[in-house]
Amino acid sequence: MAFKPGTLTPYLSARHYFGAEQRRHRESASLSLVQLAGIVNSSKSTLARVETAELMPPPDLPDRLDAAFGTDKHFHGLYELAKREAHPDQYRRFMDFEAQAEVVENFVAQAMPGLLQTKEYARALLSVQEDLTLEQVEERVNARLSRQGRLTSAQPPLRWAIIEESVLRRRIGSKECWYNQLARLLEQVDTPDSKVQVLPFSAGPHSLMGGALTLLTLPNGSTMAYEEGIDLGHLYEDRDSAKKWRRKYEVLRANALPPAASAELIRQAMEDYKPCSTPPS
């Protein structure tokens with residue numbers, strides 16, 4: 001059966017416009033989906049679903065399309081708009097500030113910080129949300145990974161993450177997925193741009209149990225605080241509120257293990273999931 005391109009609705013959203021522009025440039029270059037897939041190292045099905053806005057473009061696709069079509073940052077710009085649509089409304093303003101922040105400080109009690117998650121871990125974590133379809137899970141995964149783009153830029157932000165010991169004890173995904181996630185965390189424990197501290201069970205109760213907090217320091221020196229619960233998050237932009245959340249964070253930092261001890265605890269958590277070595281033949 002011959003392939004029939006799906007109907008496009010380019011002005012419905014930025015994601016729809018991205019797909020319509022991909023098809024327009026592809027057809028102008030007289031390329032089939034298979035041919036374009038070979039050029040941008042993707043699959044025909046992925047590109048077909050991107051064109052009809054069934055799928056959020058993977059994070060590495062925009063730059064490859066720009067390179068293939070010689071469109072400078074056209075697709076890059078469309079993607080920057082489209083990826084914001086994949087997040088709930090209350091999260092978008094936080095994302096705008098996060099993209100500008102020179103320092104990003106997190107506390108999480110239930111899961112790995114988004115900026116430190118692997119793709120497989122993010123997918124496994126989002127898949128437990130019963131109200132999300134498989135397509136929506138992939139959209140959220142790609143949108144989450146797109147936030148990590150700054151980490152490999154010429155001027156990455158300083159990241160400081162404090163995580164509850166319980167995060168290390170709750171396996172998410174397969175054994176391989178979990179081992180790789182812990183390995184990613186271990187790599188970020190003590191670098192020039194990243195610090196990780198584990199808050200041990202022995203630290204006892206604290207004021208942020210069960211929640212999550214992110215502090216963003218902007219280039220002008222101001223600080224924003226984003227406090228997140230199970231379903232809702234709130235962005236605090238005023239100075240007094242930010243100072244209140246800063247004090248809570250500093251108490252946790254003082255009670256958390258230093259990076260070296262945190263790294264040892266992460267290594268211990270990895271032991272049960274270490275891949276088995278292949279026996280000699």
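This briefing describes a mixed sheet, two helices with buried residues, and one pair of packed helices. The structure is a predicted model, and its open sheet contains 7 strands with mixed pairing. Helices α8 and α10 each have a list of buried residues, given below, and helices α2 and α3 pack at an angle of about 105°.

**The sheet**

- The strands of the open sheet follow the order β3-β4-β2-β1-β5-β6-β7, and its edge strands are β3 (190-191) and β7 (233-236), each of which pairs on one side only.
- Strand β1 (residues 103-108) runs antiparallel to strand β5 (residues 212-217), and the two are joined by 6 bridges; within this pairing, Val104 has Leu216 of β5 as its bridge partner.
- Strand β5 is also joined by 6 bridges to strand β6 (residues 223-228), again in an antiparallel arrangement, and here Leu213 stands opposite Glu227 of β6.
- Strands β5 and β6 form a hairpin with 5 residues between them, and in the turn Gly221 has a positive phi of about 90°.
- Strand β6 pairs in turn with β7 in the antiparallel sense, over 4 bridges, and the bridge partner of Ala225 in β7 is Tyr236.

**Helices with buried residues**

- Helix α10 (residues 175-187) has 13 residues and reaches 18 Å from its first C-alpha to its last, which is close to the 18 Å expected at 1.5 Å a residue.
- In α10 the buried residues are Cys177, Trp178, Tyr179, Gln181, Leu182 and Leu185, and the elements that cover them include the helices α7 (119-126), α9 (165-169) and α12 (259-270), together with the strands β2 (158-164) and β4 (194-199).
- Helix α8 (residues 134-146) also has 13 residues, which should span 18 Å at 1.5 Å a residue, and its end C-alpha atoms are 18 Å apart, in agreement with that value.
- The buried residues of α8 are Val137, Glu139, Val141, Asn142, Ala143, Arg144, Leu145 and Ser146.

**The packing of α2 and α3**

- Two packed helices are described by the angle between their axes and by the distance between those axes.
- For helix α2 (residues 33-40) and helix α3 (residues 44-51), the angle is about 105° and the axes are 8 Å apart; angles of 65 to 115 degrees count as roughly perpendicular, and α2 and α3 are therefore roughly perpendicular to each other.
- On the α2 side the contact is made by Leu33, Val34, Leu36, Ala37 and Val40, and on the α3 side by Lys44, Leu47, Ala48 and Glu51.
- The residues of this contact between α2 and α3 divide into 7 nonpolar and 2 charged, with no polar ones.

Definitions and conventions
Residues numbered from 1 in each chain as written. Predicted model: local features only at pLDDT ≥ 70, side-chain atom pairs only at ≥ 80, totals over all residues. Heavy atoms only, no water. Axes fitted to C-alpha atoms, helices over the stretch in contact; angles between N-to-C directions. Parallel < 35°, antiparallel > 145°, perpendicular 65-115°, else oblique. Contact = heavy atoms within 4.5 Å. Nonpolar A, V, L, I, M, F, W, Y, C, P; charged D, E, K, R; others polar. Expected span 1.5 Å × (residues − 1). Buried < 20%, exposed > 50% of the residue type's maximum accessible area, 1.4 Å probe, protein only. Pairing = 2+ DSSP bridges.
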